[in-house]
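Please open the model in a viewer and keep the selection panel at hand. The tour below proceeds stop by stop, stating what to select and what is found there.

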There are 2 protein chains.
Amino acid sequence: MDSISATRLASLVGDVARERPPLYTALAGRIRLLVGDGRLAVGVRLPAERDLAAAIGLSRATVTSAYGRLREDGWAAARQGSGTWTRLPAGPDPGAWMPGPVPAGVIDMAHAAPPAPPEVTAAFTAALADLPRFLPGHGYHPQGLPDLRARIADRYSLRGLPTTPEQVLVTAGALHAVTVALEVVCRRGDRVLVEHPSYPNVLDAISARGARRIPVAVNAADPDAVAADLHRAARQTGAKAAYVQVDFQNPTGMLLDEAQRSRLAVGLQQTDCIAVVDETLAELWLEQPTPTPFAAVARPDRVVTVGTMSKSFWGGLRTGWLRAEPDVIRRFMAVTARMQLSLPVLEQLASCHLLDAIDAVLPSHRARLREQRDHLATALRSQVPEWGVHVPSGGLVLWCQLPTDLSSSSLAAAGDAGGLRLAAGPRFGTGHAFDDRLRLPYTHPASVLEIAVARLAEIAADRRPRMEVADELVV
Amino acid sequence: MDSISATRLASLVGDVARERPPLYTALAGRIRLLVGDGRLAVGVRLPAERDLAAAIGLSRATVTSAYGRLREDGWAAARQGSGTWTRLPAGPDPGAWMPGPVPAGVIDMAHAAPPAPPEVTAAFTAALADLPRFLPGHGYHPQGLPDLRARIADRYSLRGLPTTPEQVLVTAGALHAVTVALEVVCRRGDRVLVEHPSYPNVLDAISARGARRIPVAVNAADPDAVAADLHRAARQTGAKAAYVQVDFQNPTGMLLDEAQRSRLAVGLQQTDCIAVVDETLAELWLEQPTPTPFAAVARPDRVVTVGTMSKSFWGGLRTGWLRAEPDVIRRFMAVTARMQLSLPVLEQLASCHLLDAIDAVLPSHRARLREQRDHLATALRSQVPEWGVHVPSGGLVLWCQLPTDLSSSSLAAAGDAGGLRLAAGPRFGTGHAFDDRLRLPYTHPASVLEIAVARLAEIAADRRPRMEVADELVV
């Protein structure tokens, strides 16, 4: 089985010594966070206590107590003669990077998933009326229902990217689409560029594929530089593929304009690097319509586009898709065939009706998000004025800069006890960067966001080291 | 990119020289079949013509013409200076091992997927009434809806295997469940036992995982020997896992009784081999109820059970599940989190209602299948009396033994032209075995099966080498 070295765990855990005592609780909290959000896998052997103590600069007794606490809470288990292993506790919330049930009274500010628009019910009602003509058949439609593929293609065409149904494969959401694309465009050991920070589940999916992630720093304020850096990294590393989000990048909110898209496309093509473009948030512009899709300015055989209905409509609807050249789509199908054969018929029929209603759904969805975004930004500026809050022109989240003495991991480790579920900044990176960052979604109503920010301010005030106390002790 | 050696392709292609002339058409048909059913991947470079000609015992001109034919039909493409590559033709049927649209007038006898029972519509209608209480939420339920997990657990308990909802993870069908289980129970390079023949998509999934398949021969008439052979193979190879179907094994129909299950469970445990038991067909007994589930006689931490609604109910409903110890279920969840996050809400609600109606659905489903099974067997005995037809006591297919001078690949290669979509026997194996076998599903109504068998008899008569003609030519 796997184990993790003391130095590696120490770097993931970060600067625990600066936390408030008791330090064993702080250390246990940091390790729990790593297991809970998936950065530290389940079933991994933790380092020997004395080794971790040395690597982290704490006493052995502190590490022993921390391991004890993890075992008590179900986040670790001891196996006789073979040390302490990570596990997940029983109960309704098994951790890992996914939205799930949160205890009553806790606000989920870790995940960005809006509630369903009213049109969802009508779409399923209409779908039910369509269902009878499918029931006599076997129900398998491996590429997706032709009607749905036609609508997805039409939407691209309308957005300025002419598309035929043969260029579309329906998937079980965007993440499934990326997983399928990775199987085809890269192999074990290949390098894959990722924006840094990026979407945690895709970072995991690239590792699971056995590919090597090459992080390229994102500065939302300077997309020109990001496009140039991606090009340079592709040239220097010979990366096979690049996973990019050019519309309100998650979590930074970065948007590439048409010229930047073009330059990025040309740059990647020069090195034969395939762009896997995740357009999950492309329809969620809040100021002005997003530029033409990336694929419109790229060489058709050098780009794969990922789309989904989960953010434009509802996460309970698992419809995503891949757009690529027909030849590539057929290779993707061979992968989905051995992964899960086909997708639910009724779900696809409902997706057709929702896409037909898109011009009714999106304006009010955008208006709601715009108001919530502004509300969250205002509340943060008032409650935690020392935080850096950049307001993106679309998407679902703010990517906040914390003051230097505040740790994102420390905030997240406070966890449900503070009435907030938070995602630690490092979850969006490939190492232990971004502990000075916190992603906050504005998918809740303003009244809930208000409470969330109040709690956040309270947790933050409570987690900042009190220098006076430290001074007294140091004497 | 990949390439395939001449000797390997020659062995996959089989004995083309015995086919009726023109042999280039026969050779093209065999290669098309390999690409179409997924045994030969897309994007693979075919051997140089002279090499293949030598390996297969045909003239180079024959191979040249065959490659030309494949290119004409869209199954191969030439790239200047780098040979001929496999591809899939454009059009509604992209091949690969999955049920898809077949041209009008062609009967799909390759896949075993029954039409929907009438209760499906009622279940979705009831589900729609449940939906409103989920719409205000984010729609993500990574382990599956609690109500659905409770019903799946109850069904196991009723079948003699006490189960709690914490032991259940909902998946997007059985194949998805197996893929997730493989990620956790084995690693690249590990050995995995498979019954031989077995379900093609799982054979592919094991290879895609990077694990090594160890085939163990199945003789449906002697399950005792199969259980003993699996045990022996586990001991000799140190296999990490075994993928087995003990209820009407697909395609052989083999059923293990309770004592055989027990012996197999104990045998695998002795070598620490984890049983991944696919119960896709367990509810489709046609004579007498299946024995207690395998997991009831196995050590709880040494068995993972896979279930699905696709065959007991309808393939257009993509609900499957994994059953294991809660600790293992949580590890499975970490995998689904990075593969596709969550499953459709409405689909799961409808699955709840169908499971509530299972005692109304299954008896008539079984009665229909029983009648169709007997009808198919009778028609075969009358139309192709020289074929061996073993009638299983459950499941969806007959696994027929062909006369020695008839090739399953040859029948399947006749393809849609003969009005039948057939799956070549070797698709169910790991090499080129089973060309003397043909799997025939009895999922169509009797009247359709009647026509299918008539066409089959015609194709078979047409494909058998005419010895008289050969004799004349040999002079």
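Two strands are taken to pair if DSSP finds at least two bridges between them. The model on display is a predicted one.

**First stop: strand S7 of chain B**

Select B:Ala242 in S7(B) together with B:Ala275, its bridge partner in S8(B). S7(B) and S8(B) are joined by four bridges and pair in the parallel sense. Now add B:Leu193, whose bridge partner in S7(B) is again B:Ala242. S5(B) and S7(B) also run parallel, with three bridges between them.

Are the two faces of S7(B) covered or uncovered? Both are covered: B:Ala241 and B:Tyr243 lie on one side, B:Ala242 and B:Val244 on the other, and all are buried. In a regular strand the side chains alternate between the two faces of the sheet.

**Second stop: the whole sheet of chain B**

Extend the selection to the seven strands of this open sheet, which follow the order S4-S10-S9-S8-S7-S5-S6 (chain B) with mixed pairing. At its edges are S4 and strand S6 (212–217) of chain B, each pairing on one side only. From one strand to the next, the twist averages 20°.

Helix H8 of chain B, residues 200–208, packs on the sheet and touches strand S5 (191–196), S6 and strand S7 (241–244) of chain B. The direction of H8 makes about 145° with that of S6(B).

At the S4 edge, select S4(B) and S10(B), which run antiparallel and are joined by four bridges. Within this pair, B:Thr171 stands opposite B:Gly320 in S10(B).

**Third stop: helix H6 of chain B**

Select residues 146–158 of chain B, which form helix H6. Its 13 residues reach 18 Å from the first C-alpha to the last, close to the 18 Å expected at 1.5 Å a residue. Which residues of H6(B) are buried? They are B:Leu148, B:Arg149, B:Ile152, B:Ala153, B:Arg155 and B:Tyr156. Viewed down the axis of H6(B), the buried residues fall within an arc of 155°, so they line one face of the helix. An α-helix has 3.6 residues a turn, so residues three or four places apart point the same way.

The face turned away from the buried side of H6(B) carries the exposed residues B:Pro146 and B:Leu158. To see what covers the buried residues, display the surrounding elements of chain B, including strand S4 (168–171), strand S9 (303–308), strand S10 (320–323), helix H12 (345–356) and helix H13 (358–383). After H6(B) comes B:Gly160, which has a positive phi, near 100°.

**Fourth stop: salt bridges**

A search of the whole structure finds 43 salt bridges over all chains. Three are visited here, beginning with a residue of H6(B).

Select B:Arg155 and B:Glu283, whose side chains meet in a salt bridge at 2.8 Å, N to O. The two residues are 128 apart in the chain: B:Glu283 is in the loop between strand S8 (274–278) and S9 of chain B, and B:Arg155 in helix H6 of chain B. Both ends count as buried, B:Glu283 at 11% relative accessibility and B:Arg155 at 17%.

Next, select B:Arg302 and B:Asp272, which form a salt bridge at 3.1 Å, N to O. B:Arg302 lies in the loop between S8 and S9 of chain B and B:Asp272 in the loop between helix H10 (258–270) and S8 of chain B, so the pair ties together parts 30 residues apart in sequence. B:Arg302 is buried, with a relative accessible area of 17%, whereas B:Asp272 is partly exposed at 43%.

Then move to chain A and select A:Asp359 with A:Arg155; the closest N and O atoms of this salt bridge are 4.0 Å apart. A:Asp359 belongs to helix H13 (residues 358–383) of chain A and A:Arg155 to helix H6 (residues 146–158) of chain A, so the pair ties together parts that are 204 residues apart in sequence. A:Asp359 is exposed, with a relative accessible area of 60%, while A:Arg155 counts as buried at 17%. Adding A:Glu283 and A:Arg366 to A:Arg155 and A:Asp359 displays one network, joined by salt bridges that share partners.

**Last stop: A:Pro114**

Finally, select A:Pro114, in the loop between strand S3 (107–108) and helix H5 (119–130) of chain A. A:Pro114 is buried, with a relative accessible area of 3%. Among the residues that A:Pro114 touches are A:Lys311, A:Trp314 and A:His365, as well as B:Gly137 and B:His138 of chain B. A:Pro114 and A:His365 are 251 residues apart in sequence and 9.2 Å apart in space, C-alpha to C-alpha.

Definitions and conventions:
Residues numbered from 1 in each chain as written. Chains lettered and ligands numbered in written order. Predicted model: local features only at pLDDT ≥ 70, side-chain atom pairs only at ≥ 80, totals over all residues. Heavy atoms only, no water. Expected span 1.5 Å × (residues − 1). Buried < 20%, exposed > 50% of the residue type's maximum accessible area, 1.4 Å probe, protein only. Arc of directions from axis to C-beta. Contact = heavy atoms within 4.5 Å. Axes fitted to C-alpha atoms, helices over the stretch in contact; angles between N-to-C directions.
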